[in-house]
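Open the model in your viewer and keep the sequence panel in sight. The stops below go from the whole chain to single residues.

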Amino acid sequence: MKIMVFGAGLIGIPIAYDLAKDPAFDVSIVDINKNNLDAINSKTVISKINKDLSNASTVSEVIKDQDIIVNAVPGFMGFATLKAIIEAGKNVVDITFLSEDPFKLDKLAIKNNVTAIVDCGVAPGMSNLLAGYVNTIFDKTESILIYVGGLPEVRECSHDYKAVFSPIDVIEEYTRPARYVENGKLVVRSALSDPELINFPGIGKLEAFNSDGLRTLADTLNVPNMKEKTLRYPGHIEKMLFLRETGFFSYNEIEINGQKIRPIDLTSKLLFLCWEMKQGDIDFTVMKIIVEGWKVEKKVRYTYNLFDRFDEKENIHSMARTTGYTATMVVRLLAEGLFIQKGIIPLEYIGKEKTCVDFILQGLKERGIFYRETQEFI
């Protein structure tokens, strides 16, 4: 089976590595940046293609003989690239943090007999899968609360933060309005709002803020209270608020010495220098998913805890592992024919099938990623 990965970034490359370990897969990877492709270990059996994926005709051309595509391009390219893949009639696993509503492509996917699994990372992604799964267990689900963050172990940058993916995609977490559901009504607040401090064993205090990570859950689950919050080290919110309110995250052009620039372009370039993971940098991913509801007239709480750390043996960052291996397990799910529904598929749809949930969790466990479940009556 031919699998093609779009994007040879810090998440795309580990995805390709993991897929290439499977003798059933013929893996290739595409990127506009030749340096990114040259960084791929020459000992791996991965075909490297240097192409610009911002052109729909190029997308159609490179995937014509492929079976499954993994879309790992930056978020600003996500929707257009996803559409081009669907138009070409190829099944796709998408991890891009696209700002558009993916369900706008649902009719197109069904028409072209395509399974397009979107938001297929850690959060959104595994958070959706597990929330969707517990929702099928309860007679009535009352609330879903998700806390998630990826952070450097050593707080050496002035922002106490480093990223394994595009800085523009990170900045989206600070600018895109946060949607959540409260008492059955959709609420929209600005990102970085409602800060709170939470203590995590082994980590210490982290600050949480509203972000738009709820994504499709706000539309697909009939649960009266749902919220997702991003985790950072204390003090990060204040710094990002300053940059946002001063205009550094603006997409509107300004003129400087006769040249027009978008502040966001300059900011992302500068932040990348600070946020870029360097050789030897250690990161971790932490997530807590709390789902409460009623089961046989008893109120029950399911909690899933994730703590994952940089893989020193494979030299793969935690956020790349927790995001990328979710995607590779979903690729295997499709390849083995365990999920065949067509259309736009967020992971909460797959969460309705226990066999699929178990398949993904087992694959992640084999890769050292553990979602530890607890149940309690409340």
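Two strands count as paired if DSSP finds at least two bridges between them. With that in mind, one pair of residues to pick out later is Val-5 and Val-70, which stand opposite each other, Val-70 being in S4. The model is a predicted one.

**Whole chain**

Begin with everything selected, in cartoon view. The protein has 13 helices and 18 strands. Its radius of gyration is 20 Å, close to the 21 Å that the globule rule gives for 378 residues, so the protein is as compact as a globular protein of that length. Along the principal axes, the C-alpha atoms fill a box of roughly 55 × 55 × 40 Å.

Now switch on the surface. About 16,800 Å² is accessible, and carbon and sulfur atoms make up 51% of that. Among the 378 residues, 54% count as buried. If you draw a contact map, take the contacts with a separation of 6 or more: 67% of them join residues 24 or more positions apart.

**The seven-stranded sheet**

Next, select strands S1 to S6 together with S17. These seven strands form an open, parallel sheet in the order S3-S2-S1-S4-S5-S6-S17. At its edges are S3 (46-50) and S17 (343-346), each of which pairs on one side only. On average, neighbouring strands of the sheet are turned by 20° against each other, direction ignored.

**Strand S1 and its neighbours**

Zoom in on residues 2-6, which are S1. Is this strand mostly covered or mostly open? It is mostly covered, with four of its five residues buried.

Show S2 (26-31) as well. S1 and S2 pair in the parallel sense over five bridges. One place to look is Phe-6, whose bridge partner in S2 is Val-30. To get from S1 to S2 the chain passes through H1, and this β-α-β crossover is right-handed.

Then turn to S4, residues 68-71, which pairs with S1 in the parallel sense over four bridges. Label Ile-3 and its bridge partner in S4, Ile-68. This is also the moment to label Val-5 with Val-70, the residue opposite it in S4.

**Helix H1**

Add residues 12-20 to the selection; they form H1. Which strands does H1 lie across? The helix lies across S1, S2, S3 and S4, and runs at about 170° to S2.

**Thr-267 in helix H10**

Leave the sheet and select residues 263-275, helix H10, where Thr-267 is located. Is Thr-267 buried or exposed? The cut-off for buried is a relative accessible area under 20%. Thr-267 has 6%, so it is buried. Show side chains around it: apart from neighbours within four places in sequence, Thr-267 is in contact with Ile-171, Phe-248 and Phe-249.

**Lys-354 in helix H13**

For the last stop, select helix H13, residues 354-366, which includes Lys-354. Residues from 20% to 50% relative accessible area are partly exposed. Lys-354, at 47% relative accessibility, therefore counts as partly exposed. Finally, set a distance label from Lys-354 to Lys-107: the two are 247 residues apart in sequence and 26 Å apart in space, C-alpha to C-alpha.

Methods: Residues are numbered from 1 along each chain as its sequence is written. This is a predicted model: local features need pLDDT of at least 70, side-chain atom pairs count only at pLDDT 80 or more; totals for chains, interfaces and linings use all residues. Side-chain values use heavy atoms; hydrogens and water are left out. Helices (H or I, at least four residues) and strands (E, at least two) are DSSP runs, numbered from the N terminus. Axes are lines fitted to C-alpha atoms, for helices over the stretch in contact, and angles run from 0 to 180 degrees between N-to-C directions. Contact means heavy atoms within 4.5 Å. Buried means under 20% relative accessible area, exposed over 50%, partly exposed in between (1.4 Å probe, protein chains only). A crossover is right-handed if, with the strands pointing away from the viewer, the path from the first strand over the helix to the second runs clockwise. The radius of gyration is taken over C-alpha atoms; the globule rule is 2.2 Å times the number of residues to the power 0.38. Accessible areas come from the Shrake-Rupley method with a 1.4 Å probe; for residues, only the protein chains shown count as cover.
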